[in-house]
Amino acid sequence: MKRIVLTGGGTAGHVTPNIALIPTLIERGYDIHYIGSYDGIEKKLIEDIGIPYYGIATGKLRRYFSLKNFSDPFKVIKGLSEAKSLIDKIKPDVVFSKGGFVAVPVVLAAKSRKIPCIIHESDMTPGLANKIAIPKATKVCCNFPETLNNLPEGKAIVTGTPIRKDLFEGNAANAMTYCGFTEVKPTLLIIGGSTGSVRINEAIWSCLDELTKTYNIIHLCGKEKTNEQYNNVKGYVQYEYVKKELSDMLALADVVVSRAGANVICELLALRKPSVLIPLSLEASRGDQILNAKSFSNSGYAKLLMEEDVTNTSLLEAINEVYNNHDSYIEAMNNSSATDAITMIADLLDEAIESNK
């Protein structure tokens, strides 16, 4: 039996593509293990599906001043030691990294033990963690052709992102029932990321009266970000976060308002969902979501609305524009060169093991 270590964490976007790979890896005879942080979001997500999970110490490498910059290097050193011990214990044939700072010690440990490692870079340009890990990788998978310019020649390959098969199996009628919608209208789905967005939430609430004239609205607000004063608005429902219900909600959605994390926008492309993308601003990120959203906007897959430009008026206009031109967005997405990322990555893993024998 082939044995693999999956790693990645810090946000759901560093975990869900790994989860998407797991059924195919099982079909191909892999014994799967996961290395993440002690208590990151990845721990519960992986343990919930019954995959052996191991935690290591992790520290964030920051480009800005923080007192934690003095303590975190020691966590990284400890994490590397723990990762080497786990690699020696598990003895994987290959490692697959989805990124995040927890993945760096695992990739370095694998390289030190001459174990091939495949890395996936979701965004247009690599983040700091992957910049450190990429020189140690056998292959680097990415989502955007533009990313090839930022990766070592001959090492990088455009695969797209692994997407869970259950997202394609949603039932719109189930979502109508779950949300309690009684009137048939176009459906607007708002996804603010796993922690939500105060700016997007407030803009939606400020034009709720106007939006509900046209749309049924499903609003995923983020943890502790719902507002009870809107609980009884007809045609509007809000949730902190959903899991298994998301595929049904996506099946029902005619327009999606979303952040521009690489994984979620690739899911919207695969599902052919026209969207308004509101990337994290430069004040809150390194700008990767802005590049992602611009790429999708230029390709005709989505409408870009910068966070600093979000008002109740601009958001309402953007949503209506996307809905009114729904068919043209879908046509552009139908003409995309999206690939079967899961099969491509699984093939790369198999090839890495064979080449290393």
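Seven strands make up an open sheet in this predicted model, arranged in the order 3-2-1-4-5-6-7 with parallel pairing. A further open sheet has 6 strands in the order 10-9-8-11-12-13, and its pairing is parallel too. Below is a tour of these sheets, the helices that lie across them, and a few aromatic pairs worth finding on your screen.

**The sheet of 7 strands**

- Strand 3 (53–56) and strand 7 (156–158) sit at the edges with a single partner strand each, so one side of each has no neighbour in the sheet.
- From one strand to the next, the twist averages 25°.
- Inside this sheet, strand 4 (residues 94–97) and strand 5 (residues 117–121) run parallel and are joined by 3 bridges.
- To locate that pairing, start from F96, whose bridge partner in strand 5 is I118.
- Helix 4 (residues 103–112) lies across strands 1, 2, 3, 4 and 5, and runs at about 155° to strand 4.
- Helix 14 (residues 341–356) lies across strands 1, 2, 4, 5, 6 and 7, at about 145° to strand 4.

**The sheet of 6 strands**

- Here the edge strands are strand 10 and strand 13 (302–304), each pairing on one side only.
- The twist in this sheet averages 15° from one strand to the next.
- Strand 12 (residues 275–277) pairs with strand 13 in the parallel sense, over 3 bridges.
- Within strand 13, K303 is the residue that stands opposite V276.
- Helix 12 lies across strand 8, strand 11, strand 12 and strand 13, and its direction is about 140° to strand 11.

**Helix 7 and its surroundings**

- Which residues of helix 7 are buried? They are I200, N201, A203, I204 and W205.
- These buried residues pack against strand 8 (187–191), helix 8 (208–211), strand 9, strand 10, strand 11 (255–258) and helix 12 (312–324).
- The axes of helix 7 and helix 12 come within 9 Å and cross at roughly 80°, which means that helix 7 is roughly perpendicular to helix 12.
- At this crossing, I200, A203, I204 and S206 of helix 7 meet N312, L315 and I319 of helix 12.
- By character, the residues in the contact of helix 7 with helix 12 divide into 5 nonpolar, 2 polar and no charged.

**Aromatic pairs**

- How many aromatic pairs does a search of the whole structure find? The search finds 6.
- One of them joins W205 and Y230, whose rings are stacked at 5.4 Å centre to centre with 15° between the planes.
- W205 belongs to helix 7 (residues 198–206), while Y230 is in the loop between strand 9 (216–220) and strand 10 (236–239), so this pair ties together parts 25 residues apart in sequence.
- Are W205 and Y230 buried or exposed? W205 counts as buried at 11% relative accessibility, and Y230 counts as buried at 17%.
- F296 and Y301 form an edge-to-face pair, with 5.2 Å from centre to centre and 85° between the planes.
- F296 has 6% relative accessibility and counts as buried; Y301, at 12%, counts as buried as well.
- F296 and Y301 also belong, together with F144, to one aromatic cluster.

Notes. Residues are numbered from 1 along each chain as its sequence is written. This is a predicted model: local features need pLDDT of at least 70, side-chain atom pairs count only at pLDDT 80 or more; totals for chains, interfaces and linings use all residues. Side-chain values use heavy atoms; hydrogens and water are left out. Rings of Phe, Tyr and Trp (its six-membered ring) pair if their centres lie within 6.5 Å; planes under 30 degrees apart count as stacked, over 60 as edge-to-face and the rest as tilted. Helices (H or I, at least four residues) and strands (E, at least two) are DSSP runs, numbered from the N terminus. Buried means under 20% relative accessible area, exposed over 50%, partly exposed in between (1.4 Å probe, protein chains only). Contact means heavy atoms within 4.5 Å. Two strands pair if DSSP finds at least two bridges between them. Axes are lines fitted to C-alpha atoms, for helices over the stretch in contact, and angles run from 0 to 180 degrees between N-to-C directions. Angles under 35 degrees count as roughly parallel, over 145 as roughly antiparallel, 65 to 115 as roughly perpendicular and the rest as oblique. Ala, Val, Leu, Ile, Met, Phe, Trp, Tyr, Cys and Pro count as nonpolar, Asp, Glu, Lys and Arg as charged, and the others, Gly among them, as polar.
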